[in-house]
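Reader: I've got a fold on my screen and I'd like to talk it through. Could you walk me round it?

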Amino acid sequence: MLFSILIPTYNNGKTIRNAVDSALMQDYQSEYEVIVVNNASKDNTSEVLSRYNDPRLHVYTNKETVNIYANHNIALAYAKGDYVVYCHGDDRLLPNALSIFNDHLMHYKYPSKYISLGHSMFRDFSSWINCYDHLLSYNMLFSGWTGKRIFASGGTTPSGTCYSRESFIAIGGFDETDGAYESDWLAFLKAAFEGFEFSILDRMVFVREYASTYVDSKRDEIMHQRLLSQQRFIKSLTPLQREELEELYWAYDIDEWSAFYAKPLPTKEERLEALMQRYKKAPWKIWKLLKWVLVKYNIWK
């Protein structure tokens, strides 16, 4: 079997049918499978999935909720295809997605260490072509230093991306530690250091309407976890690989961020006390009233 479509999902009761239907309605004529891993959803996701009766569809449910990338790895472990294509529970594949990936794989004689990215409707890699037009062009195969240089600058969603299954498992799949906010990005970078080949297609393969994992109100928490994920990645490199990464400018950015984000995030009480110190010269009743207002309306979330 050449392809497995993997749909990790959590509380996507309103959108999961679109994702599954898009996977089952591919125009690809050869055998393929669709694997859904329900991450112990609390909504009606299980009910929606129970209505399907298609031999290509395999639904698994976690006993308890794990972090997002652990669920990606669980789906990866269930897959049997030589290549896996992710589609998140709030995205949907276009009908010719597998055919597009197949044509490209066939052109390059089905490489064994390979990641291919297709276009989306929202926040895909399009800007990379402009930023790295001296290194990149659509549909070209790139690897080695080029891959390291590009992915040192960022990654993109696993949704709508095709991975060679066995080789991706061999490098550990996605980092599951502490939520690993940057696991998709770091997976690309790790694969580049492991000799993978990559391609960026000029074709639309999926529809992504919004970023479900990034919330502006949690920016500090996300940035903190991002730093921890990147620091773990650096520690996993050999001295020679770390030196190469520093030459790509990336490790220096980590050092700059560390001053603010490496320490544990302050508690609500600690942030409130720090604010009070700024007003300690004010009359006692004024700053006491200010403190009462801040606590009452839970400004420090």
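What follows is a short chat about this predicted model, from the whole chain down to single residues.

Reader: Let's start broad. How many helices and strands does the protein chain have?

Author: The protein chain runs to 301 residues. Its secondary structure comes to 13 helices and 10 strands.

Reader: And what percentage of the residues count as buried?
Author: Take the outside to begin with: the protein chain exposes about 15,600 Å², with carbon and sulfur atoms supplying 52% of that. As for the inside, a residue counts as buried under 20% relative accessible area. By that cut-off, the buried part of the 301 residues is 49%.

Reader: What share of the contacts with a separation of 6 or more comes from residues 24 or more positions apart?
Author: Here we count contacts in the protein chain between residues at a separation of 6 or more. Of those, the part that joins residues 24 or more positions apart is 78%.

Reader: Which element gives the largest share of the largest nonpolar core?
Author: That core has 36 residues, and those with the most contacts inside it include Leu-6, Ile-115 and Phe-151. Elements giving two or more residues to it include S2, H3, S6 and S9. The largest share, 7 residues, comes from H8.

Reader: How many residues are in the other core, the one with Ile-7 and Val-48?
Author: This core lies apart from the largest one. Besides Ile-7 and Val-48, its members include Leu-49 and Ile-100. Its count is 31 residues.

Reader: Now strand S4. Which of its residues point the opposite way from Tyr-83 and Val-85?
Author: In a regular strand the side chains alternate between the two faces of the sheet. In S4, Tyr-83 and Val-85 share one side, and these two are buried along with the pair on the other side. That other pair is Val-84 and Tyr-86.

Reader: Which strand pairs with S4 in the antiparallel sense?
Author: S4 runs parallel to S1, joined by 4 bridges, and Ser-4 stands opposite Val-84 there. The antiparallel pairing has 3 bridges, and in it Tyr-83 stands opposite Ser-164. That partner is strand S8.

Reader: On to S6. Why is it largely enclosed by the rest of the structure?
Author: S6 has paired strands: 5 bridges join it to S9 in parallel, and 3 join it to S8 in the antiparallel sense. It is largely enclosed because its buried residues number 6 of the 6.

Reader: What is the bridge partner of Ser-116 in S8?
Author: S6 and S8 run antiparallel. A bridge on the S9 side puts His-119 with Met-204. In S8, the partner of Ser-116 is Cys-162.

Reader: His-104 caught my eye. Is His-104 buried or exposed?
Author: His-104 lies in helix H4. Leaving aside neighbours within four places in sequence, its contacts are Tyr-114, Ser-116, Asn-139, Ser-199 and Leu-201. Its relative accessible area is 9%, which is under the 20% cut-off, so His-104 is buried.

Reader: Last one: which helix among H1's surroundings helps cover the buried residues of H1?
Author: The buried residues of H1 are Ile-16, Ala-19, Val-20, Ser-22, Ala-23 and Leu-24. Their cover includes strands S1, S2, S3 and S5. It also includes a helix, H2.

Notes:
Residues are numbered from 1 along each chain as its sequence is written. This is a predicted model: local features need pLDDT of at least 70, side-chain atom pairs count only at pLDDT 80 or more; totals for chains, interfaces and linings use all residues. Side-chain values use heavy atoms; hydrogens and water are left out. Buried means under 20% relative accessible area, exposed over 50%, partly exposed in between (1.4 Å probe, protein chains only). Contact means heavy atoms within 4.5 Å. A nonpolar core is a set of buried Ala, Val, Leu, Ile, Met, Phe, Trp, Tyr and Cys residues joined through side-chain atoms within 4.5 Å. Accessible areas come from the Shrake-Rupley method with a 1.4 Å probe; for residues, only the protein chains shown count as cover. Two strands pair if DSSP finds at least two bridges between them.
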